[in-house]
Amino acid sequence: MDDEVRERVKKEAERNALFNALKHDNDPQVGAIMGPLMGENPAFREHGDEIPEVIGPVVGRVGGMSTAERRERLEELDPDLVAELDAEDEEDEHDLPELPNAADYDEVRLRAAPNPNGPWHLGHARMPSVIGTYKQRYDGAFVVRFDDTDPETKRPELDAYDAILESIEYLGFEPDDVVRASDRLETYYDHARELIALGGAYTCSCPQSEFSEMKNSGEACPHRDKDTETTREEFAAMIDGEYSAGEKVLRVKTDIEHKNPALRDWVAFRMIDTPHPRDEASDYRCWPMLDFQSGIDDHLTGVSHIIRGIDLQDSAKRQRFVYDYFDWEYPEVIHWGHVQVNAYDVSMSTSTIKKRIEAGELDGWDDPRAPTLASLRRRGIRGQAIVDAMVGLGTSTSNVDLAMSSIYANNRDMIDEDTDRAFLVRDGERFVVEGGPDAGQPPVHPNHEDRGERDIPVDAAVLLESDDAPADGERVWLKGYGPVRREADALEFTDDDIDVVRDGDVDVVHWVPADESEPLTLRTMDGDVDGRAEPGITDYDPDAMVQFERIGFARIDRHDEDETVAYYAHS
């Protein structure tokens, strides 16, 4: 990051920090302003790893101001933002907008409706994050409904049901109800029979291509006016499995001349020959389409508000035809755009990730290179850090970019004070140490003297990272140990005091003992990195977080016989 960009980052950070502090009447946090900062300034994203360190002092300075000082400074920087603050109602204290007509319902009930065709990628986290937040805000209910009525094209995976529920728990939420659509076929059949009796559906055997031509030209299907009894009998035969895939469908009778051809006499049920993977549903062959199944379930489970993608606007319009036949009130609908994440080389697609795993290009769903919740969890990212970033995106109908740096900043705020420090040297160069103490004593945490110091033996020789190795005759300060000067392949201890560091003459570097250090593999988004860690690293239990100084935070995954394995979280 050059000086010009650094100054722009500081200026924008100050503006956002002041606005955030005044809006919420609280001290700003780095994590809270990372999302808006990166969203408003796409050019900053390539510097995502550096930005938290740059804006930290700016946010701290704003935190030390009084409310009056903050307002006065924001007036200087951006008067429009002050006007925006003045115009906001007291209720507008949330990142998410009010749910429409929430007061009209006895209980606000929202649903997440995952297809269990695999574990969740990062984009899936948005729905439970927003729904769970709304549930807490309105003291409402959170329904999880597995839309698993497509045993062929989006074939469910038996392990995915529990994996998805575990992901929701990881994000910090507990569903009030869990429903599997594949358990409810008889309920859908009952409502289809009622719809037939109301004259709202008919069985059709037209080839798909022929029906499409008729539909697009506004021409009615020849089966549309068949008598109700025939439709009832043929639908019963569909349920009994007397037709094969493609032979017969049940269509909802809408408006064959509707201006939107996608809404004309849409399919409610079709035949699928492939058995469902769940034993409880494996005998069924007549399956509802998602728009029918979802519409029925939303009503029966009392859903008051539906949040869905902007690309699914036609779903609501199709379902309203069914609701009109049954004289039901349709739930409130909020449409939003898609979340885009550009930090990974692997796309956020369940099928793509699955193929990469099957091809051996990824080790599994929790490979650090995979854009999955399992991966983030294994890296030591708190679920709440993801939730806060997702909620910060709001519910705009536009597509939104999620900056991973906002998740990392949130996580850093949550774990920094509790995380011990440690040394890890990658690609180390060995130097004999002459003179000086037998061990170094860097602090366990620089902000908490009460946690004590780490005792790291020098053991006659140390390893330094290649980039930290001083040129012959130059000095460095071994952190927690002291000043040394390079003489050939040795580091001679000197009597310099800490002023040489404060004056900027000597760099502070980390190190590990050459012989008593522990081999460690650091798994990262860019691949595995081998190194040597200070001896105390083996004292940490799996799942503990450490900060490898000057490298970043990592989660201890396991201690194998010949090495420790850790997963890199972020800087």
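Student: How far does helix α12 (residues 313-326) reach from its first C-alpha to its last?
Tutor: Helices are DSSP runs of H or I with at least four residues, strands are runs of E with at least two, and both are numbered from the N terminus. The expected span of a helix is 1.5 Å times one less than its number of residues. With 14 residues, α12 has an expected span of 20 Å, and its reach is close to that, at 21 Å.

Student: What kind of model is this, and how are its residues numbered?
Tutor: The model is predicted: local features need pLDDT of at least 70 and side-chain atom pairs count only at pLDDT 80 or more, while totals for chains, interfaces and linings use all residues. Side-chain values use heavy atoms, with hydrogens and water left out, and along each chain, as its sequence is written, residues are numbered from 1.

Student: What covers the buried residues of α12?
Tutor: Buried means under 20% relative accessible area, exposed over 50% and partly exposed in between, using a 1.4 Å probe and protein chains only. In α12 the buried residues are S315, A316, R318, Q319, F321, V322, Y323 and F326. Their cover includes α8 (185-197), β5 (249-252), α11 and β8 (305-309).

Student: Which residue follows α12, and what is its phi?
Tutor: The residue after α12 has a positive phi. It is D327, with phi near 60°.

Student: Which residue of α11 forms a salt bridge with R145, and why does the pair tie together distant parts of the sequence?
Tutor: A salt bridge is a side-chain nitrogen of Lys or Arg within 4 Å of a carboxyl oxygen of Asp or Glu. Here the closest N and O atoms are 3.9 Å apart. One partner lies in helix α11 (residues 290-300) and R145 in strand β2, so the pair ties together parts 152 residues apart in sequence. R145 is buried at 1% relative accessibility, and its partner, buried at 0%, is D297.

Student: How far apart in α1 are E12 and R15?
Tutor: Their side chains meet in a salt bridge at 3.0 Å, N to O. Both E12 and R15 are buried. Within helix α1 (residues 3-24) they are separated by about one helical turn, because they are apart by 3 residues.

Student: Which helices do the buried residues of α1 pack against?
Tutor: The buried set in α1 includes V5, V9, L18 and F19. Contact means heavy atoms within 4.5 Å. The packing partners are α2 (30-40), α3 (51-63), α4 (67-77) and α5 (79-87).

Student: Which residues are linked with R555 and D557 in a network of salt bridges?
Tutor: The side chains of R555 and D557 meet at 2.7 Å, N to O, and both residues are buried. A search of the whole structure finds 45 salt bridges. The network linked with this pair also holds D366, R378, D543, R558 and D560.

Student: Which element gives the largest share of the largest nonpolar core?
Tutor: A nonpolar core is a set of buried Ala, Val, Leu, Ile, Met, Phe, Trp, Tyr and Cys residues joined through side-chain atoms within 4.5 Å. This one has 47 residues, of which L122, I386 and I407 touch the most other members. Elements giving two or more residues include β1 (109-112), α6 (126-138) and α16 (404-415). The largest share, 6 residues, comes from α15.

Student: Which residues does I407 touch, not counting those up to four places away in sequence?
Tutor: I407 is one of the residues that touch the most other members of the largest core. With those sequence neighbours left out, I407 touches L122, I381, A385, I386, A389 and L402.
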